[in-house]
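Let's take a walk through this model together, stopping at a few places worth a look. Please have the viewer open as you read.

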Amino acid sequence: MTHKVELYVYDLSMGLASAFSQQFTGKHFPGIWHTSIVVYGKEYFFGGGVQCMTPLTTPYGQPVRVIHLGDTQIDQSLFEDFVHTIGQTRFRMDQYNLFENNCNNFTNECSNFLLGVGIPDDILGLPREFFQTPLGQMVKPMIDQMMGGSAHPEQSPNLGAFGGGGMGSGMGGMNNLAQMMNNPLVSQMMNQMMMMNMGGGGYGNTTTTTTTTNNYSTYGSSSSTTSSTSSSSSFKDPLEIYRYNKSNVPQVMTKLKTTNAQFIDDMNGDTRVLNQLEQYLQLPHQEHDKSTLISDQTFIVLEKLLKHTKESDAFPILDLLRLLVLTSKYAREITIGSHKNIIQIIEERFVSQFSSCSMPTQLMVMRLYCNLFDRHYQQHSKNLPEMVQFIIGAQNGTEMRLTKLVDMISTSLSSELEGLRLTATSLSCNLSLYLPQQNSDEEIQLLSSMLEFLPNEKSKDVSFRMLLTIYRLMKDSTGNDDEKKEIARALMTDPSAVFSTAPGVKLLQSSDELKLLAQIKKLL
């Protein structure tokens, strides 16, 4: 029996290398390639250790090329024995080197094992070619240092699943490098690499849950629950809540402790508290969990860290918090409970200053607010769910919160980073499920932002969530003189022309996606 072997090729620069590399490096590069091997119905790749996932569900988005390398007669068990062996030796986490022992070296070895031939030379040789440019020579020492450099023999092989250090050790440094270089191409690549490795993040690590499912995934995993397709010709809103439940908790905790080493040393006993938090976030999660690992001291420590950590180093704390609030009792604790100072600090330091925050902070703040929503949409007649009341301003004095959240979404839609735009539209989808449909300033701003950025959006996933937000905001609009309809028509005078040319919209193919598109055309 033979098995098809494919090479998935991803562009970490998301097209920027092709557009700007000549200007900034003196040479044209078509992309900055990340590759994975797809065989036996699985996708194998190297990044923070050897990983194996369902094809097209990795943090790297959609491949720009799929290359059929050949067909192998080697069975799956033999190949996975090989992968396990090299994953504990040459391709441990601490052995990762962005340019000399990377994902492409891994797929090249896998291809040679399976087929007796390597991957294309233009992909394998691109990093070394990049370093022959002036920019490459300039950034290589800094990136080597941030990535932990080449592995050293004295390093322990037992630091994590396949080793320690590696990609996670340089997460904060990568963003600092981008700021130092003040270079659009470097900044985009560094932010992209950071998001891929920060908390196991990426574009697709949301959990979407509907009112008809009882499934809930564990911490450290990713799941998506899809509603059944309506058999009718009209669109049926799946009523999903987008929440971000996946993270490499040990890696994030290591980054937090490293960044705040001196401060933690001065806080007696707090290492134990952080260790218990790390342990809790890796447990199979149950909504009514009775674990004693989380206590008042946990929140006291997190509050102190939030107060004293500089903004560019805050994302590990925010990452851990956004996982913690997936448990509803802890979401209440930091928002309306005895430790509500935590959300107040986040709003004062990061929400109010969102546009000037670093990309990782922006990403984690929005994911935290996504996770504050209950995992199932709750039909409401009079009383909104408690966390929704907190978020959208049904309680006294919180109107400003909703305004600032909408401002965050609008700001993020102009980002060149797809992952940030996707998280922003996840939050907009969650909000639009519960907004009162009263033509409020926030509703009008949210609708206007979606309509403004949709025509040029290239991502299919971002475009779909933009359309879903538009649908939810406009579905109850009645009459041609409705304010939302007037604004929509002013911003989009010819919806059919826009939808036929918008790059992300053109990628929509499923029955539900096309039904949603047709429904919005009717609304407009």
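**A guided walk through the model**

E6 is buried, with a relative accessible area of 16%; the cut-off for that word is under 20%. You can find E6 in strand β1, which covers residues 3-11. Keep in mind as we go that this is a predicted model. What does E6 touch, once its neighbours within four places in sequence are left aside? The partners are S36, I37 and V38, together with V66, I67, H68 and L69.

Before moving on, let's check how far the prediction can be trusted. The chain has a mean pLDDT of 77, and 73% of its residues reach 70 or more. Where in the chain is confidence lowest, and where is it highest? Helix α7 (residues 171-181) is at the low end with a mean of 37, while helix α15 (residues 341-351) is at the high end with 95. As you colour the model by confidence, look out for residues 142-184, where pLDDT stays under 50. The model still gives that stretch 93 contacts beyond four places in sequence. Residues 209-231 also have a pLDDT below 50, and here the model shows 62 contacts beyond near neighbours in sequence.

Now turn to a pair of helices. Helix α13 spans residues 315-324 and helix α16 spans residues 359-372; their axes come within 9 Å and cross at roughly 15 degrees. Angles under 35 degrees count as roughly parallel, and α13 and α16 are therefore roughly parallel to each other. The crossing in which α13 passes α16 is left-handed. Which residues make the contact? From α13 come F315, L318, D319, L321, R322 and L323. From α16 come P360, T361, M364, V365, R367, L368 and N371. Sorted by class, this contact of α13 with α16 has 8 nonpolar, 2 polar and 3 charged residues.

Our last stop is A424, in helix α19 (residues 418-434). Is A424 buried or exposed? Its relative accessibility is 0%, so A424 counts as buried. Not counting residues up to four places away in sequence, A424 touches M366, I409, S412 and L413. Try selecting V462 as well: A424 and V462 are 38 residues apart in sequence, and their C-alpha atoms are 8.8 Å apart in space.

Technical notes: Residues numbered from 1 in each chain as written. Predicted model: local features only at pLDDT ≥ 70, side-chain atom pairs only at ≥ 80, totals over all residues. Heavy atoms only, no water. Axes fitted to C-alpha atoms, helices over the stretch in contact; angles between N-to-C directions. Helix = DSSP H or I, 4+ residues; strand = E, 2+ residues; numbered from the N terminus. Parallel < 35°, antiparallel > 145°, perpendicular 65-115°, else oblique. Left-handed = near helix turned anticlockwise from the far one by under 90°. Contact = heavy atoms within 4.5 Å. Nonpolar A, V, L, I, M, F, W, Y, C, P; charged D, E, K, R; others polar. pLDDT = per-residue confidence, 0-100. Buried < 20%, exposed > 50% of the residue type's maximum accessible area, 1.4 Å probe, protein only.
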